[in-house]
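Q: Shall we go through some labels and ask what stands behind each one?

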Amino acid sequence: MAKKDIVISVKHVSKNFVLPHERVDTIKSTFVQMFGSSNREVEVQHALKDISFEIERGEFFGIVGRNGSGKSTLLKILAGIYQPSSGNLRTSGKLVPFIELGVGFNGELTGRENVYLNGALLGFSKKRIDEMYDDIVEFAELGQFMDQRLKNYSSGMQVRLAFSLATRAQADILLVDEVLAVGDADFQRKCFDYFRKLKKSHTTVVFVSHDMNAVREYCDRAILIEENVLKSAGTADEIAMEYAKLFNRQSKAVSGDGATRWGDNQVKYDDVSVEVGDKTAEGTITIRATATAQERIDDPIFGFAIRNSAGLHMLGTNSKIKRHDIGILEKGQRIEMEWSVANILNDGTYTLDPAIVHSDGITVCDWWEGATSFAVFKEDRTPYSVSPFVTITTKKNK
């Protein structure tokens with residue numbers, strides 16, 4: 001068995017912040033506190049408690065958790081910005097943090113001047129920055145603003161410029177803290193394309209995000225930080241599901257046949273069914289569901305996911321993604337849903353997980369994990385996860 005190539009090792013790391021309660025607002029009070037009683041009132045904030053994990057070279061590793069859980073503190077410890085109060089941290093290779101992008105920018109300088117200043121701080125020569133400059137500006141989409149002072153930029157423009165510059169840094173390990181929420185859809189698409197390239201190049205990435213879709217798409221493994229402790233570690237799918245459950249602890253319920261349901265039940269599924277069409281690849285999978293509103297609710301999002309027998313998500317969507325507006329459901333109102341999906345699945349047994357969430361996309365009304373299962377039979381089975389309809393045309397020349 002090959003030895004693991006560990007590039008980040010975190011062993012029993014804790015971080016405490018000491019917060020004094022005495023107000024110090026004059027020079028006199030500063031000296032009094034310095035030389036006065038050592039028993040002044042302080043509060044110790046435990047930002048992280050006994051965190052341990054390892055990251056292998058080339059992994060895309062996610063850190064998720066609610067606001068205030070300690071995930072950003074953990075990332076700053078990895079970056080060397082904070083020192084742990086106890087425990088040990090070891091990293092191997094050049095590390096570049098994408099944390100608080102643009103923190104080294106000077107508002108009195110132009111965008112162009114800031115590129116050269118921060119490029120030098122990243123270790124690039126002037127010649128190298130000259131070579132990269134046009135690409136940096138094009139990626140940030142700020143060509144017409146580069147000779148304006150940075151203080152006239154919006155915060156989003158500043159982060160776009162900082163992100164574009166930071167992507168040029170040559171690193172073995174990248175630390176990324178929720179930087180994909182800036183810019184329009186086109187710029188965010190560029191950011192996602194950049195991370196796809198990182199994943200293909202096997203660069204080690206530590207990724208902090210609230211976007212569970214991004215975590216599922218990019219991360220190989222992830223951990224969940226809750227109340228400053230490591231609550232769970234596992235695959236990206238497992239941790240994304242655990243994260244969703246955090247917002248619905250109070251109403252979690254378990255049903256029979258291995259199914260699990262949770263949510264606030266403001267809208268709840270009554271029943272779901274799956275009908276699989278013919279055995280050819282052209283067939284359709286039809287998902288039908290009915291639900292009833294227990295309370296008045298605005299714009300709920302209805303969706304589903306299909307998992308294979310190994311528990312891996314094969315496909316899924318929801319009404320928001322498909323731009324299908326549900327609108328207002330009044331208390332007691334019943335709604336019928338039907339999804340038609342091209343049967344691209346291969347032979348096997350699959351599980352349906354229907355869900356209803358509030359318009360915020362996070363708070364769950366009804367998440368029915370393992371609601372029902374169904375089988376797919378294909379005459380032209382392939383050795384891959386999916387088996388889409390394919391037409392073949394050939395032409396032989398004489």
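Q: Which residues make the nonpolar surface patch of about 240 Å²?
A: Val18, Val42 and Val44 make the patch. Patch residues need over 30% relative accessible area and no salt bridge (Lys or Arg side-chain nitrogen within 4 Å of an Asp or Glu carboxyl oxygen), and nonpolar side chains are joined within 5 Å. This is a predicted model, where local features need pLDDT of at least 70, side-chain atom pairs count only at pLDDT 80 or more, and totals for chains, interfaces and linings use all residues. Residues are numbered from 1 along each chain as its sequence is written, and side-chain values use heavy atoms, leaving out hydrogens and water.

Q: Why is Val42 called partly exposed?
A: Buried means under 20% relative accessible area, exposed over 50%, and partly exposed in between (1.4 Å probe, protein chains only). Val42 has 39%, so it counts as partly exposed. Val42 lies in strand β2, residues 42–56.

Q: What makes Ser14 buried?
A: Its relative accessible area is 14%, so Ser14 is buried. Ser14 belongs to strand β1, residues 6–20. Its side chain reaches the backbone nitrogen of Asp50 at 2.8 Å, and a polar contact is a pair of N or O atoms within 3.5 Å.

Q: Why do Cys219 and Cys365 count as buried?
A: Cys219 has 7% relative accessibility, so it counts as buried; Cys365, at 0%, is buried too.

Q: How many disulfides are counted?
A: Zero, where a disulfide is a pair of cysteine sulfur atoms within 2.5 Å.

Q: What makes helix α8 mostly covered?
A: Nine of its 11 residues (236–246) are buried, among them Asp237, Tyr243 and Lys245.

Conventions: Helices (H or I, at least four residues) and strands (E, at least two) are DSSP runs, numbered from the N terminus. A polar contact is a pair of N or O atoms within 3.5 Å; within protein, one must be able to donate a hydrogen and the other to accept it, and residues adjacent in sequence count only if both atoms are side-chain atoms. Patches are made of residues with over 30% relative accessible area and no salt bridge: like charges are joined within 9 Å, nonpolar side chains (Val, Leu, Ile, Met, Phe, Trp, Tyr) within 5 Å. Accessible areas come from the Shrake-Rupley method with a 1.4 Å probe; for residues, only the protein chains shown count as cover.
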